Amino acid sequence: MSKQDNRVLSRQFARDLTPQELEDITSGFFTSPHRDVTTTFCTLASDGDDD
Amino acid sequence: MPRSADDPLWVHVHGKERIQVKVIIFAYAKENHAAPVKWALEQGGYHVVCWGGLSWTEEQQASLFLGADTALTLGPFSVEPGDAVWIRRPDQPKCHPEVSEADRKFADMEYRSFYHSIAYTLETLPVWCVNKFSAARFIHNKAVQLRLARACGLQVPRTLMSNSPGPIRDFLSHNPNGSVGKGFTPHVWQREHEGSVSVTETFALTPQRLPSDEVLTYAPGIYQDRVVKEFDIRMVLMGRKTYSFALHNPKRALDWRQDAGLGHVQVEIVSTPPEIERAILMFAEKANICFGSVDFAVDKDGQWWFLEINEQGQFLWLDQFNPQAKTLEKFCAFITAPQDSDQPLEERGTLFPPFSDYMQFYRNLPENQEPLDVAAAVAASPFMSRE
């Protein structure tokens with residue numbers, strides 16, 4: 001089994017963001033001032049913990 | 001919510017004493033919705049405090065006294081009758097780093113149990129919770145969401161949640177219009193030494209694209225009929241009001257979230273169809289929530305398909321994309337509205353400044369001039385990994 005073959009399905013179909021896209025996203029309000037990276041990447045639609 | 005309709009800033013306790021009510025936000029002060037909302041409420045004359053969640057530090061310690069009266073202290077302030085408590089995004093309960101390794105599991109569990117005691121007890125106090133902790137935990141479940149939505153008359157795509165290869169393959173092979181896959185939780189993987197990341201999103205699936213059976217058991221997943229959509233809807237629920245926004249993505253991607261982060265999505269204010277609003281309000285009643293962000297897909301026939309709800313979903317970005325959305329003003333009006341007030345949120349919202357004013361304020365803060373440390377964020381977040 002190759003290194004990629006043992007990844008979970010969501011990782012196999014995850015969206016790759018280039019360094020430039022990463023920079024563009026993290027320069028926006030919802031990350032830059034508040035250091036809340038996960039929120040911008042993942043959570044315009046759905047996020048939060050399950051606690 | 002025993003708040004005076006005459007003066008929402010003040011409330012009578014036991015019929016005599018007058019105290020200023022406050023808004024308590026469960027989130028650290030720089031959280032990206034807590035900060036603008038706190039600022040806007042303060043501009044409107046309200047007293048606002050942030051509590052980052054239960055931890056060992058002095059400002060995050062808590063005490064819950066249960067006697068003839070109940071007293072709850074969160075860091076430096078007390079919870080008082082009439083307060084509004086916005087359970088936004090508190091940190092996970094965190095025990096002292098110096099606790100013995102032999103005691104860490106016990107201490108972690110004690111912190112977690114105490115936090116739950118606080119959060120559930122709030123529901124029994126004369127304060128207003130947005131949302132109630134029990135309701136938030138309940139409706140966080142995606143299966144519960146889909147069942148309730150369907151029961152309330154909303155159209156919901158057929159869905160299979162599974163880690164069992166046979167049913168997954170069977171579901172996909174009996175779906176002529178195609179299927180999508182998605183996870184229960186979001187996640188980000190940062191690649192070592194590359195500076196790029198991979199982010200979970202909804203993806204198209206066919207039986208031919210499925211990996212081996214073993215991989216399907218690595219993590220459970222959500223498999224759903226694909227809605228051939230014209231555009232997406234982000235709806236914000238505030239009490240008995242819904243505000244809907246069409247999200248137009250020129251890339252017509254299955255998942256608009258990262259394109260929104262890149263600024264590619266256009267936000268248009270749209271009316272909520274009456275039958276959809278009725279259904280969502282029924283949904284909110286059954287779920288016992290008063291606030292949330294709801295996602296729909298709209299097909300070529302104009303049918304709204306319920307996808308999911310996040311009871312603490314993001315909404316202020318809508319103001320950034322379309323200043324006429326005014327969700328900051330509406331939310332401030334909503335969380336400070338006197339009980340049973342029938343004043344439209346749009347009208348009370350004029351008490352508060354727009355999001356664009358906050359943007360001007362924060363851009364001048366010296367701490368916002370530093371670049372973001374993505375690696376530090378990855379290390380600190382349970383939703384991010386290295387690979």
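Begin by selecting S162(B) in this predicted model: S162(B) stands opposite G221(B), a residue of strand β15(B). Extend the selection to strand β10 (residues 159–162) of chain B and strand β15 (residues 221–225) of chain B, which form an antiparallel pair over 4 bridges.

Next, add strand β11 (residues 179–182) of chain B, which also pairs with β15(B) in the antiparallel sense, over 4 bridges. Within this pairing, V180(B) faces Q224(B) of β15(B). V180(B) also belongs to a separate core of 15 residues, which includes F13(A), I168(B) and L205(B).

Now move to another sheet of chain B. Select β4, β3, β8 and β9, which make an open sheet in the order β4-β3-β8-β9 with parallel pairing. Which strands stand at the edges? They are β4 (47–51) and β9 (128–130) of chain B; each has a single partner strand, so one side of each is left without a neighbour in the sheet. From one strand to the next, the twist averages 20°.

Within this sheet, display strand β3 (residues 22–27) of chain B and strand β8 (residues 84–89) of chain B, which run parallel and are joined by 4 bridges. V23(B) has A84(B) as its bridge partner in β8(B). Then show helix α10 (residues 327–336) of chain B, which packs on the sheet and touches β3, β8 and β9 of chain B. The direction of α10 makes about 135° with that of β8(B).

The next stop is the largest nonpolar core, with 86 residues. V23(B), I25(B), V85(B), W86(B), V130(B), F296(B) and C332(B) have the most contacts inside it. Colour chain B by domain: domain 1 (10–131) and domain 2 (138–386) each contribute at least three residues to this core. Then centre on C332(B), which, leaving aside neighbours within four places in sequence, is in contact with V37(B), A40(B), L41(B), G44(B), G349(B) and F352(B).

Finish with chain A. Its secondary structure comprises 3 helices and 1 strand, and the elements run α-β-α-α from the N terminus. Of its 51 residues, 53% count as buried.

Colour chain A by pLDDT: the mean is 64, and 43% of the residues reach 70 or more. Among the elements of chain A, helix α1 (residues 9–12) has the highest mean pLDDT, at 94, and helix α3 (residues 37–42) the lowest, at 47. Over residues 31–51 of chain A, pLDDT stays under 50, although the model has 71 contacts beyond four places in sequence for this stretch. Where pLDDT is low, predicted coordinates should not be read in detail.

Key
Residues numbered from 1 in each chain as written. Chains lettered and ligands numbered in written order. Predicted model: local features only at pLDDT ≥ 70, side-chain atom pairs only at ≥ 80, totals over all residues. pLDDT = per-residue confidence, 0-100. Helix = DSSP H or I, 4+ residues; strand = E, 2+ residues; numbered from the N terminus. Contact = placed C-beta atoms within 7 Å. Pairing = 2+ DSSP bridges. Core = buried A, V, L, I, M, F, W, Y, C linked by C-beta atoms within 7 Å. Buried ≥ 20, exposed ≤ 12 C-beta atoms within 10 Å, placed from the backbone. Domains from an automatic or database assignment. Axes fitted to C-alpha atoms, helices over the stretch in contact; angles between N-to-C directions.
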